[in-house]
Amino acid sequence: MRYRGAGMKSFTFLLLLLEAVVNVQPVQETSLFYPYGLDQKDHKNPKLDDGSSKKLSLAVPFTFYNKKYQTLYVNNNGVISFGSRVNQYTPDPFPLADGRSFVAPYWGDVDNVLGGDVFYRETTDPELLGLITKQINQYFPDIPFTATWAFVATWEHVAYYGSTSNKGNTFQAALTTNTETSFIILNYKDIQWTTGAASGGDAETGLGGTPAHAGFNSGDETNYYNIPGSRTDAVINITKTSNVNIPGRWVFQVDNFKVTGVPTEMPKVADSNNCWL
């Protein structure tokens with residue numbers, strides 16, 4: 001009898017609220033990253049400081065800044081490059097003057113010998129392509145798009161060079177195309193460090209020095225894009241920023257590169273006490 005009337009409504013509301021919390025949070029976390037790992041038939045990069053994958057031939061051409069590429073490299077230092085490997089560990093600001101063409105999900109001094117793995121795969125899995133299509137159509141409703149191919153690269157809890165901690169970064173890049181229009185999706189799940197020791201970073205904290213860089217470089221010295229906060233201390237908070245209103249996700253049309261939905265404010269920086277400035 002005590003739960004009738006207003007009391008019963010309050011009890012019901014609390015149950016609904018608890019159900020919402022329980023049901024919503026896992027969906028948000030699991031939907032940010034696309035499936036990856038050996039059970040997805042991913043390949044894994046060698047444990048090698050400043051290493052990379054072998055030269056990978058793609059089943060279909062991928063258009064990046066109006067150029068079609070049919071090979072790429074997945075570089076341990078947080079870069080997917082077209083044409084040549086990127087072994088450089090301290091990031092330079094874009095545009096680069098040496099003609100290198102690549103996307104940098106998180107260009108920093110990764111050392112997967114000390115910890116973490118780098119996975120990648122080319123795929124035409126209908127379930128994944130259906131999910132990517134649905135998301136691209138949501139983010140870019142004015143662009144007709146049905147994904148027919150994707151390439152997914154994932155850096156899982158990778159350590160930084162010279163690390164004396166157990167800090168690791170987990171981030172992902174997905175390239176997708178319908179053979180005409182191309183998109184790149186960048187996902188950031190857990191970013192705990194910005195800088196390796198050889199780039200001036202602190203061996204214990206992984207901070208300071210020349211921080212990691214996230215962005216796109218066409219290779220023509222003119223066309224490029226830097227995600228806000230790149231090469232500053234604020235890049236560690238890239239898990240909280242977005243151009244598609246989903247914290248930790250950045251999405252760009254890259255065949256004819258377009259920048260849309262970019263926040264006007266720079267990401268905040270946390271001080272040594274994790275207080276926002």
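Start at the front end of this chain: over residues 1–30 the pLDDT stays under 50, and the model gives that stretch three contacts beyond four places in sequence. The other weak spot is residues 271–277, where pLDDT is below 50 and the model has 10 contacts beyond near neighbours in sequence. This is a predicted model, and its average pLDDT is 88, with 84% of the residues scoring at least 70.

**The big picture**

- The protein chain has two helices and 12 strands.
- Going along the sequence, you meet them in the pattern α-β-β-β-β-β-β-α-β-β-β-β-β-β.
- The chain runs to 277 residues, and 48% of them count as buried.
- About 13400 Å² of the chain is exposed, and carbon and sulfur atoms supply 54% of that.
- Take the contacts between residues at least 6 apart in sequence: 64% of them join residues at least 24 apart.

**The six-stranded sheet**

- Six strands make up an open sheet, in the order 1-6-7-8-9-12, with antiparallel pairing.
- The edges belong to strand 1 (43–44) and strand 12 (249–253); each has a single partner strand, so one side of each is left without a neighbour in the sheet.
- Inside that order, strand 7 (residues 149–158) and strand 8 (residues 169–177) run antiparallel and are joined by eight bridges.
- If you want a pair of residues to look for there, F151 has L175 in strand 8 as its bridge partner.

**Strand 10 and its partners**

- Is strand 10 (residues 213–217) mostly covered or mostly open? It is mostly covered, since five of its five residues are buried.
- In a regular strand, side chains alternate between the two faces of the sheet.
- Here both faces are covered: H213, G215 and N217 are buried on one side, and A214 and F216 are buried on the other.
- Strand 5 (residues 101–107) pairs with strand 10 in the antiparallel sense, over four bridges; A104 has G215 in strand 10 as its bridge partner.
- Strand 11 (residues 224–226) also runs antiparallel to strand 10, and three bridges join the two. Look for F216, whose bridge partner in strand 11 is Y225.
- Strands 10 and 11 form a hairpin with six residues between them, and G219 in the turn has a positive phi of about 100 degrees.

**Aromatic rings**

- The count of aromatic pairs comes to 26.
- One of them is F145 with F183: the ring centres are 4.9 Å apart and the planes sit at 75 degrees, so this pair is edge-to-face.
- That pair links distant parts of the chain, with F145 in the loop between helix 2 (126–139) and strand 7, and F183 in strand 9 (residues 182–190), 38 residues apart.
- Both partners are buried: F145 has a relative accessible area of 4%, and F183 has 0%.
- Then there are Y160 and W193, with ring centres 5.5 Å apart and planes at 50 degrees, so this pair is tilted.
- Y160 is in the loop between strand 7 and strand 8, while W193 is in the loop between strand 9 and strand 10, so the pair ties together parts 33 residues apart in sequence.
- Y160 is buried, at 0% relative accessible area, and W193 is buried at 0% too.
- One aromatic cluster is made of F62, F64, Y65, Y69, F82, W149, F216, Y225, W250, F252 and F257. You have already met F216 and Y225 as bridge partners.

**Helix 2**

- Helix 2 has 14 residues and spans 20 Å from its first C-alpha to its last, close to the 20 Å expected at 1.5 Å a residue.
- Its buried residues include L128, L129, I132, T133, Q135, I136 and Y139.
- An α-helix has 3.6 residues a turn, so residues three or four places apart point the same way.

**Backbone oddities**

- Most residues other than glycine have a negative phi, and most peptide bonds are trans.
- Where does a cis peptide bond turn up? One joins F94 and P95, with omega about 5 degrees, and P95 is in the loop between strand 4 (79–82) and strand 5.
- D50 isn't a glycine, yet its phi is positive, near 60 degrees. D50 is in the loop between strand 1 and strand 2 (56–64) and is buried, with a relative accessible area of 18%.
- N245 isn't a glycine either, and its phi is positive at about 65 degrees. N245 lies in the loop between strand 11 and strand 12 and counts as exposed, at 75% relative accessibility.

Methods. Residues numbered from 1 in each chain as written. Predicted model: local features only at pLDDT ≥ 70, side-chain atom pairs only at ≥ 80, totals over all residues. Heavy atoms only, no water. Buried < 20%, exposed > 50% of the residue type's maximum accessible area, 1.4 Å probe, protein only. Contact = heavy atoms within 4.5 Å. Areas by Shrake-Rupley, 256 points an atom, 1.4 Å probe, with all protein chains shown as cover. Pairing = 2+ DSSP bridges. pLDDT = per-residue confidence, 0-100. Phe/Tyr/Trp six-rings, centres within 6.5 Å; stacked < 30°, edge-to-face > 60°. Expected span 1.5 Å × (residues − 1).
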